[in-house]
Amino acid sequence: MRYDMHVHLRVESDADIDKYEMYARMARLDIVGFVIHYNERMGKRALRDYRDSVESMGIRALAGLELYYPFSTLPTGFDFYIIHFSDITVDADVLEKLKGVIIAHPFSYGMKIDPSSFEIMRKNGIAVECNSAHFYLGLSDFYARLKEIDIAIPFGSDAHSPEEMGAGMEDLMGCFSPYGTVASYLGIQ
Ligand SMILES: [Zn+2]
Ligand SMILES: [Zn+2]
């Protein structure tokens with residue numbers, strides 16, 4: 001099952017929706033996980049409109065949010081949540097309060113992961129993204145270790161336009177987990 005769990009959605013007209021559908025088919029993606037950058041001032045209406053756009057698509061699409069850490073509460077009603085950390089060492093204390101989320105682009109934006117995180121990742125069902133826009137060879141050992149200890153690794157391209165969906169997927173097939181594993185780990189329907 002080919003999928004991309006990190007596609008930034010920007011819709012100004014129905015034509016934009018058509019474009020996402022067309023490029024998803026061209027990239028042969030069975031499932032597209034869309035996100036928008038969430039902030040606490042966003043109104044309920046904007047969030048609902050976003051959800052509606054995703055649900056109106058003629059492809060299998062999920063509605064997710066990308067949240068900058070720290071945030072006060074996780075808004076409910078979305079299919080998945082990606083957490084963007086910057087300038088922080090993520091450890092067991094940081095992860096303790098998070099459940100069923102995805103850590104975005106590890107080791108980017110000055111973010112590090114302390115080994116004390118691994119145990120709590122498994123306990124709290126926290127997955128770690130394999131992001132093709134932020135990947136470098138030095139990360140291969142890190143992903144191999146995550147696989148060894150059964151942490152799910154969703155693939156994400158961090159596409160900011162329809163054309164970029166699924167970019168880099170073929171190259172990284174050996175690093176990330178199949179969609180089925182990711183979905184059951186995160187409790188995605
Ligand atoms: Zn990000
Ligand atoms: Zn992003």
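Two residues are in contact if their C-beta atoms, placed from the backbone, lie within 7 Å. Keep that in mind as you work through this predicted model.

**Exercise 1.** Find out which residues Y81 touches, leaving out residues up to four places away in sequence.

*Solution.* Start with the 7 Å cut-off for C-beta atoms. Next, skip the sequence neighbours up to four places away; what's left for Y81 is G64, L65, L67, L74, V101 and I102. Now zoom out: the largest nonpolar core has 53 residues, and Y81 is among those that touch the most other members, along with F34, I83, I102, A127 and I153. Notice that I102 turns up in the contact list of Y81 and in this core group too.

**Exercise 2.** Work out whether R28 and D87 are buried or exposed, and say where each one sits.

*Solution.* Take R28 to begin with. R28 is in the loop between α1 (14-26) and β2 (31-38), and its phi is near 55 degrees, which is positive. Count its neighbours: 9 other C-beta atoms lie within 10 Å, so R28 is exposed. Now D87, in the loop between β4 and β5 (88-90). Its phi is also positive, near 45 degrees. D87 has 8 C-beta neighbours inside 10 Å, so D87 is exposed. What makes a positive phi worth spotting? Most residues other than glycine have a negative one.

**Exercise 3.** Look at the peptide bond that joins Y69 and P70, and decide: cis or trans?

*Solution.* Check omega: at about 0 degrees, the bond is cis. Then place P70 in the chain: you'll find P70 in the loop between β3 (61-68) and β4 (80-84). For comparison, most peptide bonds are trans.

Terms used:
Residues are numbered from 1 along each chain as its sequence is written. Chains are lettered from A and ligands numbered from 1 in the order in which they are written. This is a predicted model: local features need pLDDT of at least 70, side-chain atom pairs count only at pLDDT 80 or more; totals for chains, interfaces and linings use all residues. A nonpolar core is a set of buried Ala, Val, Leu, Ile, Met, Phe, Trp, Tyr and Cys residues joined through C-beta atoms within 7 Å. A residue is buried if 20 or more other C-beta atoms lie within 10 Å of its own, exposed if 12 or fewer, and partly exposed in between; C-beta atoms are placed from the backbone. Helices (H or I, at least four residues) and strands (E, at least two) are DSSP runs, numbered from the N terminus.
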